[in-house]
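This report covers charged side-chain pairs, the strand arrangement and the nonpolar packing of one chain. The sequence and structure come first.

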Amino acid sequence: MKKWIPAAFVAFGLAAALQAAACDLTLDNGGDLAGAVASAPGKKICLRPGQYVAGPAPLEIPAGTTIEGLGATMAEVVVSAYGAPQKAIGLGSNTMLHNFTLTTGAGGNFGVLAYHQDRVIIWSLDILGFQISAGVVGGNGVEIWDTFMRGNGIAGNATADPNLWITDSRDVTILYGQLTGRKDGPGGDGEMAIYNSSNVMIDGARVIDSGASAIYLVNCVDCTVKNSVIERPGEWGIDVVQGSHRFLADNNYVNGANYGGAVFETSGGATATFRSNRFILNRRMGVGNCNGINAKGGTAGVQSIGNTSMPSGDLCSFP
């Protein structure tokens, strides 16, 4: 699995400083990860290639602490979570997780959860096997970069379990990475779901085979999806509803959606701009009035600029 560390990351001074900082504590294969976190709060804990265990209690990362894998790839350092029903890793403010795989043999609601914490970085993780791979609740200034989320959800629970769940948060950046579902749509698992949040930027992400809508925004203000790839979602490609306002979709590729490529709810004077997107062969189940942007409640307030739609149907009204 390729890791992408673009030059743009240098602009994020906190991440650059944390990565460059020397390890305060380094564990060898099989070392006591929970003990290290308890003994070195606020420090940088490094993990040499190998296997580590988080559990049975959740691994709570104190404020200011970094955990970083020293492998050449995410796959070389594996943290396995067992027995923690709510979450595998809980994050405090000013924390960073970097460059390892987080997996579970016993389920669990969340792989990583930041609950009312600020300035959190999740960078180059591979998270698999949880009901929800990562969650951010009430956060401010959260960065999720180049992170892979897959194999999530509980089969047969009749709930669309998201890979990434963000609610009541602001100033969140999701950069690169991939979310992969189980091809269990409509109504299935794997999507990116964002509720009651503002200034959320999704840039360069891939959402593949989500069971429900690939990117689902509810009451999200000043949010952006750009340079992203969405393939074969079980419902809509980009689904923006219920009070979302001042939304921008720029230079995205949406292909093979069961419903239309995008839906935006215009009630209450909500506005959106869709620019330079490509909507290709969507409406596989015939849901939606056109292949591209379905404006729920009328097209007033929706700008369509330079989009490509195949077959035709760039912007239409949807009841």
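Arg170 and Asp171 are joined by a salt bridge in which the closest N and O atoms are 3.7 Å apart. The structure is a predicted model. Arg170 is partly exposed, at a relative accessible area of 44%, and Asp171 is likewise partly exposed, at 30%.

The pair is one of ten salt bridges found in a search of the whole structure. Side chains of opposite charge can pair when their charged atoms come close.

Another of these bridges connects Lys44 with Glu68, with 3.5 Å between the closest N and O atoms. Lys44 belongs to strand β2 (residues 44-47) and Glu68 to strand β5 (residues 66-69), so the pair links distant parts of the chain, 24 residues apart. Lys44 has a relative accessible area of 5% and is buried. Glu68 is also buried, at 8% relative accessibility. Both values fall under the 20% limit for a buried residue.

A further salt bridge is formed by the side chains of Glu60 and Lys87, at 2.8 Å from N to O. Because Glu60 lies in strand β4 (residues 59-61) and Lys87 in strand β7 (residues 87-91), the pair ties together parts that are 27 residues apart in sequence. The two partners fall into separate accessibility classes: Glu60 is partly exposed, at 43%, whereas Lys87 is buried, at 13%.

The three pairs are listed below.

| Salt bridge | N to O distance |
|---|---|
| Arg170 and Asp171 | 3.7 Å |
| Lys44 and Glu68 | 3.5 Å |
| Glu60 and Lys87 | 2.8 Å |

What else surrounds Lys87? Leaving out residues up to four places away in sequence, Lys87 touches Pro58, Glu60, Phe110 and Leu113. With Glu60, the contact is also a polar one between the two side chains, at 2.8 Å.

The strands that carry this pair, β4 and β7, belong to an open sheet of eleven strands. The order is β4-β7-β9-β11-β14-β17-β20-β23-β26-β29-β32, and the pairing is parallel. At the edges stand β4 and β32 (315-318); each has a single partner strand, so one side of each is left without a neighbour in the sheet. From one strand to the next, the twist averages 15 degrees.

Within this order, β7 runs parallel to strand β9 (residues 110-115) and is joined to β9 by four bridges. Ile89 has Val112 as its bridge partner in β9.

Ile89 also appears in the nonpolar packing. The largest nonpolar core contains 65 residues, and Ile89, Ile174, Met192, Phe247 and Phe274 are those with the most contacts inside it. Which residues does Ile174 contact, leaving aside its neighbours within four places in sequence? They are Ile144, Leu164, Ile166, Met192, Ile194, Val200, Met201, Ile202 and Asp203. Met192, a contact of Ile174, is itself among the core residues with the most contacts.

A second core, separate from the largest one, has five residues, including Ile121, Trp123, Trp145 and Leu175.

Taken together, strand β7 connects several of these features. Lys87 in β7 forms the salt bridge to Glu60 in β4, and bridges join β7 to β9. Ile89 is paired with Val112 of β9 and ranks among the residues with the most contacts inside the largest nonpolar core.

Definitions and conventions
Residues numbered from 1 in each chain as written. Predicted model: local features only at pLDDT ≥ 70, side-chain atom pairs only at ≥ 80, totals over all residues. Heavy atoms only, no water. Salt bridge = Lys/Arg side-chain N within 4 Å of Asp/Glu carboxyl O. Helix = DSSP H or I, 4+ residues; strand = E, 2+ residues; numbered from the N terminus. Buried < 20%, exposed > 50% of the residue type's maximum accessible area, 1.4 Å probe, protein only. Core = buried A, V, L, I, M, F, W, Y, C linked by side-chain atoms within 4.5 Å. Contact = heavy atoms within 4.5 Å. Pairing = 2+ DSSP bridges. Axes fitted to C-alpha atoms, helices over the stretch in contact; angles between N-to-C directions. Polar contact = N/O pair within 3.5 Å; in protein donor to acceptor, adjacent residues only side chain to side chain.
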